Amino acid sequence: MSPITLILIAMGLGLAGWLAGRAKAWSFQSSDPALRPASRPIYHAWYVALWVVLPVLAFIAVWSAIAPQLVLQTVLASPAAGDLPAFGFERAAFLGEARAVALGNAPGVFNDEAEPLIAPFRDAIGHYNIIGAIVTVLIALAGGALAFLRLRPDFRARNKVERTVMMILLLASLVAILTTLGIFGSLVFETVRFFGIVSPIDFLFGTFWGPDTMVSPEATDSSRYGAVPLFWGTIFIGAIIAMIVAIPLGLMSAIYLTQYADPRVRTWVKPLLEILAGVPTVVYGYFAALTLAPLIRDAAVAIGITGASTESALAAGVVMGVMIIPFVSSMADDSMAAVPGAMRDGSLAMGATKSETIRRVLFPAALPGIVAGIMLAVSRAIGETMIVVMAASPAANLTANPLEPMSTVTVQIVKLLTGEQSTDHPATLSAFALGFVLFMVTLALNFIALRVVKRFREAYE
Amino acid sequence: MSTSALSAAGETAQSTRPTRTPVFERRLAKRYRDERNFRLLGLAAVSFSLGVLVFLLGNMLINGIGGFQRAELTVTIDFPESGVTGDAVSLTAPSAAQTLEMQGLPDVVAFYAEQQLGAEAAAELSIDGWRDVSAALADDPTLIERSATFELAASSALAAGMQGEGPPEMQALAKRLVDEGKLARNWDWGFLSRSDATSPQAVGIWGALKGTMLTMLVTLVLAFPIGVLSALYLEEYAPRNRWTDLIEVSISNLAAVPSIIFGLLGLSIFLAIFPNLRSAPLIGGMTLALMTMPVIVISGRNAIKAVPPSIRDGALAIGASPVQVVFHHVLPLAMPGMLTGTIIGMARALGETAPLLLIGMRAFVATPPDGFTSPATVLPMQIFLWSDEIDRGFVERTSAAIIVLLVFLLAMNGLAIYLRNKFEKRW
């Protein structure tokens, strides 16, 4: 029986408990104010329901983890399992096939050796399904009965229920910490394994990137894991080309919309610009790869530059820059709005033109905020994946020519993890090391940027 | 009198004003010129950004219109003559396609095609063309009693020839068939109801769309309650201590972490726990839920902050417990804002591809997924997979899929804006 069925059973029993608890609590009602129940009937109902559902959910979580193991043990103990190969790949394959057929997920077995195992599997699964269902119902009844018997007019059901609600709220907010720890832990774990094979010095300062997924892990050539070309490609595309596009356009758009444009124009144009940030990155990638890249290549060939590639860094960087425009624009908008109006008015009163006020007063005053916004934009650009996966090159290349193909950290992560390598190969592990570097860099950029923004806000408050 | 006095004063001032030298005039003109140029520069930046947007969307639209059409050959089949038989029951049975195949329907279709179009053109009929015939028979079993005309998918080579691409002989053949009125580009509603295939003439997006819906459902069911509950805890109950700070830092960091990192997390944790669920909507949804949750928490906290303290004080004053205050008063008032944030977060998750790429949702899935644990793909992933195809016919199909994706995103964002405008309260 699948966990979902068990959960539905638990929900049904919980509803029954809820109704029973409420019915009992209604019977406590009396017209004598001295005998008024301590809690309203609904809290009694929830109290019983929680006592039914929570223990059952805990049991289901444990049971769905151990039941397959119990089934496997039973099957292995049956006489039909005697003919199985002692260990290795085939044994697991036969067992897996027989289980799939017994569960009804597959029409038949591929290997004849798995055929005799189907019946034991079917028996064992049926057996443990019944046990699981019975235990579920028993726990639900026990919990419900325990709670039900406690209900009395002076029982403080509300306090108990509210304490449980608070626990659930706390648990929900702990998910964020767990996720952060999960990301950090898994990245660090795999990165340490990688650095056990390839030294960090080679990784961080080597200038040749070409992981060989064909060689065995023992024969790893450390010099093939120099990530400098990837770091350079990432910085060149995400922090240089994209920012050359995004900073002027974003800043000038923000200035025009906040300082010059008619408010009516602004209310229409600003959401339209925001659409640029909402277009999925896979669409940008498609646009960069199929429309812009050939255009740039043809243009380069037309003015006599040879060796221009359709996987040029320029196409990916420009499209990424376009994607970032609304982000830079809204950050600049916020920082300039935070500059006190008196500074602006003072400058205008001295006879400066609007553009002089913006360039000499508003912009310098808002600079820390704008710089922080640009750092956030850079952190977003270097972590961007789909545009570069589709438009940049899979081959790493250390060059400063924007028309040549270039690869980035994210491209390599995708390339190394979507193949068919084993999880122990240094090529696979190197993807996690790259991910770790990316994670730390974006984290640092965000941390510094948020600090700057905070201090900048305080300076004017 | 006063005006003339003023103007007289002005004239004397102008004539005696020492600063209006020619140098000053030139400088002033330059300053005004700079002002105008600066303003034009800003206008140019806005226009350029909007121009790129229009170009991008227009490009997709023009390409995508073609993706909703396909080249079809007209073939008339005389069923009584062909010997293919059946009745209303057998033709609508689930096994109708096999029954008809046993009766030789594919050969019958090929025969009539050869007779009417010539051997050359009949060879360019899609191999699965007879399946469309069998589907048409299932829709209307009475067709079997007479001669009926069908429009069947042409091969992708002929479709390319029709658009002036590919080998010259194919272009000539396409031109001849078009002139004879036997080849035409028709609206292909099947694009919305079929799944992935190897030929661009036979593909559809229903499989990917269904995978997207299942994945989004998992994401919503996980991210929405967790996000709303953590927002409530952090904003209403959390004591100011180191643990709370840690939670807040975690959430703001998670909101800024690149999406591909969530893919690494899904790969090394979720897939390690459920190795058999590679490519399943369940795992994809769980990964995207972790990515969406911080967005919901942050927007949820802003929505809760916007509820005025007087509401809380009022409820507390008449004896409500802190939990009752929040669940009976604050939460309902903050809900529109939270829903808006949730829709925006879900729209982001809907367009996300990178984390799903890492957890293996890039499989070729030719049948729509039938559950949360069966192999599936999602719409952005389908776009990515098709964009890698060599066959030119996929270019238009990819753009058409992009249009469908953009329509969904637009609808979600529109709903968010509508909710915000309808329920936003100024206290």
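# A tour of the two-chain model

Select chain A. A compact globule of 461 residues would have a radius of gyration near 23 Å, but chain A comes out at 32 Å. Keep in mind that this is a predicted model. Measure along the principal axes, and the C-alpha atoms of chain A fill a box of roughly 85 × 75 × 40 Å. Show the cartoon: chain A has 15 helices and 0 strands.

**Stop 1: chain A by domain**

Select residues 3-155 of chain A for domain 1, then 218-459 for domain 2. Their centres, taken over C-alpha atoms, are separated by 50 Å. Of the 461 residues of chain A, 43% count as buried. Look at its contacts between residues at least 6 apart in sequence: 71% of them join residues at least 24 apart.

Now colour by confidence. Chain A averages a pLDDT of 86, and 95% of its residues score at least 70. Where in chain A is confidence lowest, and where is it highest? The lowest is helix H3 (residues 89-103), with a mean of 74. The highest is H7(A), at 93.

**Stop 2: chain B by domain**

Switch to chain B. The cartoon now shows 19 helices and 3 strands. Chain B has a radius of gyration of 32 Å, whereas a compact globule of 427 residues would be near 22 Å. Its C-alpha trace spans about 105 × 75 × 45 Å along the principal axes.

Select 69-187 of chain B for domain 1 and 206-423 for domain 2. The C-alpha centres of these two domains of chain B lie 44 Å apart. Buried residues make up 43% of the 427 in chain B. Among its contacts between residues at least 6 apart in sequence, 77% join residues at least 24 apart.

Chain B averages a pLDDT of 85, with 95% of the residues at 70 or above. Select residues 1-6 of chain B. Here pLDDT stays under 50, and the model has 0 contacts beyond four places in sequence for this stretch. Where pLDDT is low, the predicted coordinates should not be read in detail.

**Stop 3: where the chains meet**

Show both chains. For the model as a whole, ipTM is 0.87 and pTM is 0.87. Across the interface, 64 residues of chain A are in contact with 63 residues of chain B. Which element of chain A gives the most to the side that touches chain B? Select helix H5 (residues 157-197) of chain A: this helix supplies 19 residues. Colour that side of chain A by residue type, and it divides into 41 nonpolar, 19 polar and 4 charged residues.

Stay on helix H5 of chain A and pick Thr179(A). Is Thr179(A) buried or exposed? With 23 other C-beta atoms within 10 Å, Thr179(A) is buried. Leaving aside neighbours within four places in sequence, Thr179(A) is in contact with Leu254(B) and Leu290(B).

**Stop 4: the nonpolar cores**

Select Ala288(A), Ala316(A), Val319(A) and Ala391(A). Of the 183 residues in the largest nonpolar core, these four touch the most other members. Add helix H7 (residues 228-260) of chain A, which gives this core its largest share, 17 residues.

Centre on Ala316(A). Not counting residues up to four places away in sequence, Ala316(A) touches Ile237(A), Ala288(A), Ile387(A), Val388(A), Ala391(A) and Ala392(A). Apart from the largest core lies another, of 34 residues; among them are Leu73(B), Tyr112(B), Ile144(B) and Ala157(B).

**Stop 5: a covered helix in chain B**

Select helix H18 (residues 379-387) of chain B. How many of its 9 residues are buried? The count is 8, so the helix is mostly covered. Show them as sticks: Leu379(B), Pro380(B), Met381(B), Gln382(B), Ile383(B), Phe384(B), Trp386(B) and Ser387(B).

Now reveal what covers them. From chain A, the cover includes helix H9 (281-302) and helix H13 (386-391). From chain B, it includes helix H11 (206-237), helix H17 (354-358) and helix H19 (393-423).

**Stop 6: an unusual backbone angle**

Finish at Ser279(B). Find it in the loop between helix H13 (259-273) and helix H14 (281-305) of chain B. Most residues other than glycine have a negative phi. Ser279(B) is not a glycine, yet its phi is positive, about 75°. Ser279(B) counts as buried because it has 22 C-beta neighbours inside 10 Å.

Conventions:
Residues numbered from 1 in each chain as written. Chains lettered and ligands numbered in written order. Predicted model: local features only at pLDDT ≥ 70, side-chain atom pairs only at ≥ 80, totals over all residues. Contact = placed C-beta atoms within 7 Å. Helix = DSSP H or I, 4+ residues; strand = E, 2+ residues; numbered from the N terminus. Nonpolar A, V, L, I, M, F, W, Y, C, P; charged D, E, K, R; others polar. Domains from an automatic or database assignment. Core = buried A, V, L, I, M, F, W, Y, C linked by C-beta atoms within 7 Å. Buried ≥ 20, exposed ≤ 12 C-beta atoms within 10 Å, placed from the backbone. pLDDT = per-residue confidence, 0-100. Rg over C-alpha atoms; globule rule 2.2 N^0.38 Å.
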